[in-house]
Amino acid sequence: WDELRKIIPLLPPAYFQDGTDWAGSGEFHGIKDGVAQIFVPKGAEPSRFTVNHEAGHALLETIGPSALDAYWRARGLPGTPAEWPRGNLPWLLPEEMFADDLGAQAEPDGYEAYAQRATKVPYNRAVMDAFYRGIR
């Protein structure tokens with residue numbers, strides 16, 4: 001998280017705490033007193049993808065909806081986040097896509113195919129890296 005804060009200074013500090021015995025890898029629980037609250041399964045060490053993904057949620061809460069709109073344009077997705085179909089697949093919600101794409105900055109291989117399959121829009125790692133690094 002601290003490495004990511006050097007790249008994205010608006011990202012608040014984080015407090016990682018053991019959550020309950022659930023199957024997820026991490027969960028963002030809002031920002032309290034300026035600190036992002038991240039729950040992870042008991043005894044688990046979150047992956048870099050998970051850390052970056054949860055940072056994406058914290059960043060959206062810090063910056064607000066304008067970040068999601070800017071992300072949408074940078075990612076080259078059709079329409080607007082508000083117009084995106086909201087089905088029963090939570091990873092296709094605009095907020096989750098923003099967080100997943102930030103998570104992908106920690107994954108050197110394989111994400112592009114997933115992102116393109118999910119959205120039908122090619123994923124350009126260099127463009128998205130520049131987008132996240134440019135958030136001020």
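This is a short talk on the fold of one protein chain, going from the overall layout to the sheet and then to one helix.

Please keep in mind that the model is predicted.

I'll start with the overall layout. The chain contains six helices and three strands. Reading from the N terminus, the order of elements is α-β-β-β-α-α-α-α-α. So what size is the whole thing? Along the principal axes, the C-alpha atoms fill a box of roughly 40 × 30 × 30 Å. We can also check the radius of gyration. A compact globule of 136 residues would have a value near 14 Å, and this chain has 14 Å, so the two agree. Of the 136 residues, 41% are buried. As for contacts, take those between residues at least 6 apart in sequence: 52% of them join residues at least 24 apart.

Now the sheet. As a reminder, strands of a sheet pair through backbone hydrogen bonds, and the pairing is either parallel or antiparallel. Here the three strands form an open sheet with mixed pairing, in the order 1-3-2. Which strands are at the edges? They are strand 1, residues 14-18, and strand 2, residues 27-32, and each of these pairs on one side only. From one strand to the next, the twist averages 25°.

Look next at strand 2 and strand 3, the latter being residues 35-40. These two run antiparallel and are joined by four bridges. If you want a place to point at on the screen, find Phe28, which stands opposite Ile38 in strand 3.

What packs on this sheet? Helix 2 does, residues 48-63, and it touches strand 1, strand 2 and strand 3. The direction of helix 2 makes about 35° with that of strand 2.

Last, helix 6, which covers residues 125-133. Which of its residues are buried? They are Met128, Phe131 and Tyr132. Viewed down the axis of helix 6, the buried residues fall within an arc of 90°, and therefore they line one face of the helix. Something has to be sitting over that face, and you can find it in the model. The cover over the buried residues of helix 6 includes helix 3, residues 65-75, and helix 4, residues 94-104.

One detail remains, at the start of that helix. Asn124 caps the N-terminal end of helix 6. A side-chain oxygen of Asn124 lies 3.1 Å from the backbone nitrogen of Ala126.

To recap: an open sheet of three strands, helix 2 packed on that sheet, and helix 6 with its buried residues along one face. That is all I have.

How values were computed. Residues are numbered from 1 along each chain as its sequence is written. This is a predicted model: local features need pLDDT of at least 70, side-chain atom pairs count only at pLDDT 80 or more; totals for chains, interfaces and linings use all residues. Side-chain values use heavy atoms; hydrogens and water are left out. Two strands pair if DSSP finds at least two bridges between them. Axes are lines fitted to C-alpha atoms, for helices over the stretch in contact, and angles run from 0 to 180 degrees between N-to-C directions. Contact means heavy atoms within 4.5 Å. Buried means under 20% relative accessible area, exposed over 50%, partly exposed in between (1.4 Å probe, protein chains only). The arc is that of the directions from the helix axis to the C-beta atoms. A polar contact is a pair of N or O atoms within 3.5 Å; within protein, one must be able to donate a hydrogen and the other to accept it, and residues adjacent in sequence count only if both atoms are side-chain atoms. The radius of gyration is taken over C-alpha atoms; the globule rule is 2.2 Å times the number of residues to the power 0.38.
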